[in-house]
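Morning, everyone. I'll take this one piece by piece, so keep the structure open while I talk.

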Amino acid sequence: MLLEEGFDLDIRRPPLGDELPCTLDGHAGAVIFGGPMSANDEDEFVRRETDWLEIPLKENRPFLGICLGAQMLANHLGGKVEGHGEGLVEIGWYPLKATEAGKKLLHWPEMVYQFHREGFSLPKEATLLATAETYPNQAFRYGDNAWGIQFHGELTRVMMQRWVVRGAHRFELPGAQPGRDHLGGRLIWDMHLKRWLGEFLALIFGKPAVG
């Protein structure tokens, strides 16, 4: 979607040893995606990526954290990442409710796709934008340009199919939905989620700089 808007992508993969930029000069912003690891893991790349968030925050450049990326941002800002007290997970499609602050920014989808076993506390001075029943902190904004969302708006059908196959063992966890509901829900709700994502990306990153 960013490519369609005219942005170029500079893709870095810290788990594979890729370096992270020492400044975001020359970048419109940054995105950290999700992953099967925990933001609390002691792996070198998890610590390095979390510490790196100092750069977009210090330079006040647009940043979006998705699932693991949002949890890394919460950890960096002094929040807490942990599982549900009763062991519940969100794996499948679940209702989302925008807060008043969220509603002032844009229209949010009623159902979103989730695939996580941990959530995050709301960092101090962050603004909650969307909430849900099991994991109440679903989207937040920190300062002018840092954003975190717990759910996934970026999945293509191919990605979802892969997750449903490779992550099938997690469907037995309390609160998870069976694989057929993941794909069936996509037919109903994905259109609305994608429309929201386009508006959300425009809100965060704007338009590419000419030249």
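**Strands, helices and a few residues**

Start at Ile91: its bridge partner in β6 is Phe115. This is a predicted model, by the way. That pair belongs to a ladder of 6 bridges joining β4 to β6, residues 111–116. The two strands run antiparallel. Now, how much of β4 is buried? The strand covers residues 90–95, and 5 of its 6 residues are buried. So β4 is largely enclosed by the rest of the structure.

Next, the open sheet. It has 6 strands, and the order is β1-β2-β10-β9-β8-β5. Pairing is mixed. Which strands stand at the edges? They are β1, at 30–32, and β5, at 97–98. Each has a single partner strand, so one side of each has no neighbour in the sheet.

Look inside that order at β8 and β9. They run antiparallel, joined by 3 bridges. Ala130 stands opposite Ala139 of β9.

Stay there for the loop. Between β8, 127–131, and β9, 139–142, you find Pro136. What does Pro136 touch, leaving aside residues up to four places away in sequence? Leu128, Ala130 and Thr131. So Ala130 comes up twice: opposite Ala139, and in contact with Pro136. Is Pro136 buried, exposed or in between? Its relative accessible area is 43%. The cut-offs are under 20% for buried and over 50% for exposed, so Pro136 is partly exposed.

One distance from here. Pro136 and Gly179 are 43 residues apart in sequence. In space, C-alpha to C-alpha, they are 24 Å apart.

Gly179 takes us to the helices. Two packed helices are described by the angle between their axes and the distance between the axes. Here the pair is α5, residues 157–166, and α6, residues 179–205. The angle is about 170 degrees, with the axes 10 Å apart. That makes α5 roughly antiparallel to α6. Which residues meet? From α5, Arg157, Met160, Gln161 and Val164. From α6, Gly179, His182, Leu183 and Arg186. By type, the residues of this contact divide into 3 nonpolar, 3 polar and 2 charged.

α6 also has business with the sheet. It lies across β1, β2 and β10. Those last two are residues 63–66 and 146–149. Against β10, α6 runs at about 160 degrees.

Now the backbone on either side of β2. Asn60 sits in the loop between α2, 54–59, and β2. Its phi is near 55 degrees, a positive value in a residue other than glycine. Asn60 is partly exposed, at 38% relative accessible area. After β2, in the loop leading to α3, 68–76, comes Cys67. Cys67 is not a glycine either, and its phi is positive, about 55 degrees.

Last, the cysteines. Is Cys67 buried or exposed? Its relative accessibility is 5%, so it counts as buried. Cys22 comes out at 70%, so it counts as exposed. How many disulfides does the structure hold? The count is 0.

To recap: β4 is largely enclosed, the open sheet has edges at β1 and β5, and α6 both packs with α5 and lies across β1, β2 and β10. Thanks, I'll take comments now.

Notes:
Residues are numbered from 1 along each chain as its sequence is written. This is a predicted model: local features need pLDDT of at least 70, side-chain atom pairs count only at pLDDT 80 or more; totals for chains, interfaces and linings use all residues. Side-chain values use heavy atoms; hydrogens and water are left out. A disulfide is a pair of cysteine sulfur atoms within 2.5 Å. Buried means under 20% relative accessible area, exposed over 50%, partly exposed in between (1.4 Å probe, protein chains only). Axes are lines fitted to C-alpha atoms, for helices over the stretch in contact, and angles run from 0 to 180 degrees between N-to-C directions. Helices (H or I, at least four residues) and strands (E, at least two) are DSSP runs, numbered from the N terminus. Angles under 35 degrees count as roughly parallel, over 145 as roughly antiparallel, 65 to 115 as roughly perpendicular and the rest as oblique. Contact means heavy atoms within 4.5 Å. Ala, Val, Leu, Ile, Met, Phe, Trp, Tyr, Cys and Pro count as nonpolar, Asp, Glu, Lys and Arg as charged, and the others, Gly among them, as polar. Two strands pair if DSSP finds at least two bridges between them.
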